[in-house]
Amino acid sequence: MYKSILVPVDLAEADLADPAIAAAVAFAETSGGTIRLVYVRSLVPITYMEFVPADFDSEQQSDAEAKLATIAAAVPLPPELVSAKVLVGSVHGEVLAEADASGADLIVIGSHEPGILAYVIGSNASTIVRRAKCSVLVVR
């Protein structure tokens with residue numbers, strides 16, 4: 001049914017991804033599919049770059065890759081069926097671009113109860129649901 005499943009993970013709230021990963025694993029086991037975990041790092045505004053160390057960006061990338069690899073290693077599937085990628089940019093933009101680039105036919109997103117800010121500025125999950133070219137499952 002679903003051969004390529006994309007699961008966005010927020011490393012700041014990694015627990016939110018647990019139900020999404022569990023759902024993705026169930027789909028992957030049923031259909032023999034693969035899972036790709038993605039984390040999107042925010043861009044540091046150029047005006048702040050003079051205030052951070054020269055190796056700040058590479059350290060942030062390495063740290064995110066290590067944390068995401070730890071989560072990927074805990075996914076109860078054979079390692080060759082699970083991959084992880086750290087991207088940089090806007091969350092919904094990068095997730096949608098990765099879904100297109102990797103040929104994902106399902107995006108599984110963990111979500112929480114929206115707060116007032118989600119209603120004012122919108123949430124990444126709702127933007128992904130509205131704009132994705134593939135199926136999207138939001139798990140709470």
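Ser31 is in contact with Met1, Tyr2 and Lys3 when residues up to four places away in sequence are not counted; contact means heavy atoms within 4.5 Å. Ser31 belongs to helix H1, residues 17-31, and is buried at a relative accessible area of 8%. Here buried means under 20% relative accessible area, exposed over 50%, and partly exposed in between, with a 1.4 Å probe and protein chains only.

The model is predicted: local features need pLDDT of at least 70 and side-chain atom pairs count only at pLDDT 80 or more, whereas totals for chains, interfaces and linings use all residues. Residues are numbered from 1 along each chain as its sequence is written, and side-chain values use heavy atoms, with hydrogens and water left out.

**Overall architecture**

- The protein chain contains five helices and five strands; helices (H or I, at least four residues) and strands (E, at least two) are DSSP runs numbered from the N terminus.
- Read from the N terminus, the order of elements is β-α-β-α-β-α-β-α-α-β.
- The radius of gyration of the protein chain is 15 Å, which agrees with the value near 14 Å for a compact globule of 140 residues. This radius is taken over C-alpha atoms, and the globule rule is 2.2 Å times the number of residues to the power 0.38.
- The C-alpha trace spans about 50 × 35 × 25 Å along its principal axes.
- Among contacts with a separation of 6 or more, 82% are between residues 24 or more positions apart.

**Surface and charge**

- Of the 140 residues of the protein chain, 36% count as buried.
- The accessible surface amounts to about 8,100 Å², and 58% of this surface belongs to carbon and sulfur atoms. The areas come from the Shrake-Rupley method with a 1.4 Å probe; for residues, only the protein chains shown count as cover.
- The protein chain carries 9 positive and 17 negative side chains, and the centres of the two sets lie 9 Å apart. Lys and Arg count as positive and Asp and Glu as negative, while His and the chain ends are not counted. Each charge is placed at NZ of Lys, CZ of Arg, CG of Asp or CD of Glu.

**Nonpolar cores**

- The largest nonpolar core has 26 residues, and those with the most contacts inside it are Ile5, Val7, Ile35, Leu37 and Val108. Such a core is a set of buried Ala, Val, Leu, Ile, Met, Phe, Trp, Tyr and Cys residues joined through side-chain atoms within 4.5 Å.
- At least two residues of this core come from each of strand E1 (4-8), H1, strand E2 (34-41), helix H2 (56-73), strand E3 (82-88) and strand E4 (106-110).
- Helix H1 supplies the largest share of this core, seven residues.
- Another core, of 14 residues, lies apart from it and includes Val38, Ile107, Ile128 and Ala132.
- In soluble globular proteins, nonpolar side chains tend to be buried together.

**Leu37 and Ile21**

- Beyond its neighbours within four places in sequence, Leu37 is in contact with Val7, Val9, Ile21, Leu68, Ile71, Ala72, Val75, Ser83, Ala84 and Lys85.
- Ile21 lies in helix H1 and counts as buried at 10% relative accessibility.
- With the same neighbours within four places left aside, Ile21 is in contact with Val7, Leu37, Ile71 and Val75.
- Ile21 and Leu87 are 66 residues apart in sequence and 19 Å apart in space, C-alpha to C-alpha.

**Helix H3: Leu96 and Glu94**

- Leu96 is part of helix H3, residues 91-102, and counts as buried at 13% relative accessibility.
- Outside its neighbours within four places in sequence, Leu96 is in contact with Ile128, Arg131 and Ala132.
- Leu96 and Val129 are 33 residues apart along the chain, and their C-alpha atoms are separated by 9.7 Å.
- Glu94 is also in helix H3, but is partly exposed, with a relative accessible area of 25%.
- Outside its neighbours within four places in sequence, Glu94 is in contact with Val40, Leu87, Val88 and Gly89.
- The C-alpha atoms of Glu94 and Val136, 42 residues apart along the chain, lie 15 Å from each other.
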